[in-house]
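Reader: Hey, can you walk me through this structure? I'm new to this, so keep it plain.

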Amino acid sequence: MNKPRLCILSFSNLAYDRRVLREIEAARGSFDVDVIAFGDWTPPDGVRYFPLKREKSKLPLHNLYYLLGWLLPPAYDRLFWSYGE
């Protein structure tokens with residue numbers, strides 16, 4: 001009988017995220033595990049790894065808008081809608 005499939009998605013660098021690594025280790029005994037995350041990592045047996053690539057922001061002032069969003073929420077709107085450009 002085939003094991004059910006589980007996908008773990010992490011937006012952190014997997015090689016340094018111990019919490020996610022523990023989750024993968026716990027799940028791989030009962031599930032066929034797929035992992036989608038950032039970073040270079042060699043998966044153990046029974047785990048398929050799909051690395052994500054970080055892209056540079058198309059908006060030169062990305063960090064400025066992010067910081068301004070704490071003080072001025074409309075800056076978040078500008079940042080969000082700029083991703084479609």
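Author: Sure, one term to begin with: a residue is buried under 20% relative accessible area, exposed over 50% and partly exposed in between, using a 1.4 Å probe and protein chains only. This is a predicted model, in which local features need pLDDT of at least 70 and side-chain atom pairs count only at pLDDT 80 or more, while totals for chains, interfaces and linings use all residues. Residues are numbered from 1 along each chain as its sequence is written, and side-chain values use heavy atoms, leaving out hydrogens and water.

Reader: Ok! How many helices and strands are in the chain?

Author: The chain has 3 helices and 3 strands. Those names come from DSSP runs numbered from the N terminus: H or I over at least four residues for a helix, E over at least two for a strand. Starting at the N terminus, the order is β-α-β-β-α-α.

Reader: And what share of the residues is buried?

Author: Of the 85 residues, 27% are buried.

Reader: Which residues make up the largest nonpolar core?

Author: There are 12 of them: I8, L14, V20, L21, I24, A27, V33, V35, A37, W41, V47 and Y49. A nonpolar core here is a set of buried Ala, Val, Leu, Ile, Met, Phe, Trp, Tyr and Cys residues joined through side-chain atoms within 4.5 Å.

Reader: Which elements give two or more residues to this core?

Author: α1 (18–27), β2 (32–38) and β3 (47–52) do. The largest share, 4 residues, is from α1.

Reader: Pick one core residue for me. Is A37 buried or exposed?

Author: A37 is buried, because its relative accessibility is 0%. A37 sits in strand β2. Leaving aside residues up to four places away in sequence, A37 touches S10, S12, L14, Y49, F50, P51 and L52, where a contact means heavy atoms within 4.5 Å.

Reader: What separates the C-alpha atoms of A37 and Y49?

Author: A distance of 7.9 Å, with the two residues 12 apart along the chain.

Reader: What about V33, what does that one touch?

Author: With residues up to four places away in sequence not counted, V33 touches L6, I8, A27, R28, G46, V47 and R48. As for the chain's contacts with a separation of 6 or more, 39% of them are between residues 24 or more positions apart.

Reader: New topic: how many salt bridges does a search of the whole structure find?

Author: It finds 4. A salt bridge is a side-chain nitrogen of Lys or Arg within 4 Å of a carboxyl oxygen of Asp or Glu. One of them pairs R5 with D34, with the closest N and O atoms 2.9 Å apart. That pair links distant parts of the chain, since R5 lies in strand β1 (residues 5–13) and D34 in strand β2, 29 residues apart.

Reader: Is D34 buried or exposed?

Author: D34 is buried, at a relative accessible area of 8%, whereas R5 is partly exposed at 48%.

Reader: Which partner does R19 have?

Author: R19 forms a salt bridge with E23, and the closest N and O atoms are 2.8 Å apart. They are 4 residues apart in helix α1, so about one helical turn separates them. R19 is partly exposed at 45% relative accessibility, and E23 is partly exposed at 35%.

Reader: And R28, which side chain does that meet in a salt bridge?

Author: R28 meets E25, at 3.2 Å from N to O. R28 counts as partly exposed with 25% relative accessibility. There is also a network: salt bridges that share partners join R5, D34 and R48.

Reader: Which side chain of opposite charge is nearest to D17?

Author: R19, 4.3 Å away; D17 is buried yet has no salt bridge. Charges here are Lys and Arg as positive, Asp and Glu as negative, with His and the chain ends not counted. D17 is in the loop between β1 and α1. Setting aside residues up to four places away in sequence, D17 touches S10 and S12.

Reader: Last thing: which residues form a nonpolar patch on the surface?

Author: L67, W70, L71 and L72, with about 540 Å² of accessible area together. Patch residues have over 30% relative accessible area and no salt bridge, with like charges joined within 9 Å and nonpolar side chains (Val, Leu, Ile, Met, Phe, Trp, Tyr) within 5 Å. The areas come from the Shrake-Rupley method with a 1.4 Å probe, and for residues only the protein chains shown count as cover.

Reader: Where is W70 placed?

Author: W70 is in helix α2 (residues 62–71). W70 counts as exposed, at 64% relative accessibility. The chain exposes about 6,800 Å², and carbon and sulfur atoms supply 60% of that.
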